[in-house]
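Student: I have a new structure open and would like to learn how to read its features one by one. Could you walk me through it?

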Amino acid sequence: INAEYGATIIKRRVKAGEVDSMQIVGDVDGKICIITDDMIDTGGTLVKAVNLLKASGARKVYACATHGVFSASAPERLSDCEGLEEVIVTDSLPQDDNQSRCGKLVVLTLAPLLAETIWRLHHEKSLNYLFTKERLQTYTGSKIPF
């Protein structure tokens, strides 16, 4: 992703689904931060992470995850999170209802990426192209400054 710098948020859980504490390893002051995760369920951990990054001086915060589970009031929780610019998920799960409940939600379809990946593998072509800056901006339509 051509990032000049990386930081990590360490979270400690007391039990499944309950975060006890979070801390940032690295300096995010004045930076654009992108939180990545495998899935977003209730959105509680994500909102805590966004708030921590903003309190630590992050200029903008985006989030992305492969699977948007969005149980209960997660779409509203993310929509109400002032520090969150945008949250991007794939259509590995249906997102129509969630998009209507959260204006910050961007959904990327996996179909073209999977089709092109299969084609490139079959024709022994490089997969690196799929992850170039130009390809990502064209494919995602996202506001994230890759």
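**Reading charges, helices and surfaces**

Tutor: Gladly! Let us begin with a charged pair: Glu76 and Arg101 form a salt bridge, with their closest N and O atoms 2.7 Å apart. Keep in mind as we go that this is a predicted model.

Student: What is the general idea behind such a pair?

Tutor: Side chains of opposite charge can pair when their charged atoms come close. In this structure, Glu76 belongs to helix α2 and Arg101 to helix α3, so their pairing ties together parts that are 25 residues apart in sequence.

Student: How many salt bridges does a search of the whole structure find?

Tutor: The search finds four. Another one involving Arg101 has Asp97 as its partner, with 3.3 Å between the closest N and O atoms. Asp97 and Arg101 are four residues apart in helix α3, so about one helical turn separates them.

Student: Are Glu76, Arg101 and Asp97 buried, partly exposed or exposed?

Tutor: To sort residues this way, take under 20% relative accessible area as buried and over 50% as exposed, with partly exposed in between. Glu76 has a relative accessible area of 28%, so it is partly exposed. Arg101 is partly exposed too, at 27%, and Asp97 is partly exposed at 49%.

Student: Where should I look for a salt bridge in helix α4?

Tutor: Look at Arg120 and Glu116, whose side chains meet in a salt bridge with an N to O distance of 3.2 Å. Helix α4 covers residues 111-122, and these two are four residues apart in it, which means a separation of about one helical turn. Arg120 counts as buried because its relative accessibility is 13%, whereas Glu116 is partly exposed at 22%. As for the other charged residues we met, salt bridges that share partners join Glu76, Asp97 and Arg101 into one network.

Student: Which residues does Arg120 touch, leaving out those up to four places away in sequence?

Tutor: With those sequence neighbours set aside, Arg120 touches Lys125, Ser126, Leu127, Tyr129 and Leu130.

Student: Now for a helix. How can I check the length of α1 against its number of residues?

Tutor: Use the rise per residue. Helix α1 runs over residues 44-55, and at 1.5 Å a residue its twelve residues should span 16 Å. The end C-alpha atoms of α1 are 17 Å apart, which agrees.

Student: Which residues of α1 are buried?

Tutor: They are Leu46, Val47, Ala49, Val50 and Leu53. Looking down the axis of α1, you find its buried residues within an arc of 160°, so they line one face of the helix.

Student: What do the buried residues of α1 pack against?

Tutor: Their packing partners are the strands β1 (8-15), β2 (18-25), β3 (32-40), β4 (60-68) and β5, together with helix α2 (74-80). Before you leave this helix, check the backbone just after α1: Gly57 takes a positive phi of about 100° there.

Student: And how do I read a nonpolar patch on the surface?

Tutor: Ask which residues form it and how much accessible area they have together. Here Met39, Val69 and Leu93 make up such a patch, with about 220 Å² of accessible area together. Leu93 sits in the loop between β5 (84-90) and α3 (96-101). With a relative accessible area of 33%, Leu93 is partly exposed.

Student: Where is Ile88, and is it buried or exposed?

Tutor: Ile88 is in strand β5. At 8% relative accessibility, Ile88 counts as buried. It is also a good place to practise reading sequence separation beside distance in space: Ile88 and Leu108 are 20 residues apart along the chain, and their C-alpha atoms are separated by 7.3 Å.

Student: What are the two separations for Ala7 and Leu130?

Tutor: Those residues are 123 apart in sequence, and in space they are 25 Å apart, C-alpha to C-alpha. Ala7 is placed in the segment before β1, and its relative accessibility of 40% makes it partly exposed.

Student: Which residues does Ala7 touch?

Tutor: Not counting residues up to four places away in sequence, Ala7 touches Ile24, Val25, Gly26 and Val28.

Terms used
Residues numbered from 1 in each chain as written. Predicted model: local features only at pLDDT ≥ 70, side-chain atom pairs only at ≥ 80, totals over all residues. Heavy atoms only, no water. Patch = residues over 30% accessible without salt bridge, like charges linked within 9 Å, V, L, I, M, F, W, Y side chains within 5 Å. Areas by Shrake-Rupley, 256 points an atom, 1.4 Å probe, with all protein chains shown as cover. Buried < 20%, exposed > 50% of the residue type's maximum accessible area, 1.4 Å probe, protein only. Expected span 1.5 Å × (residues − 1). Arc of directions from axis to C-beta. Contact = heavy atoms within 4.5 Å.
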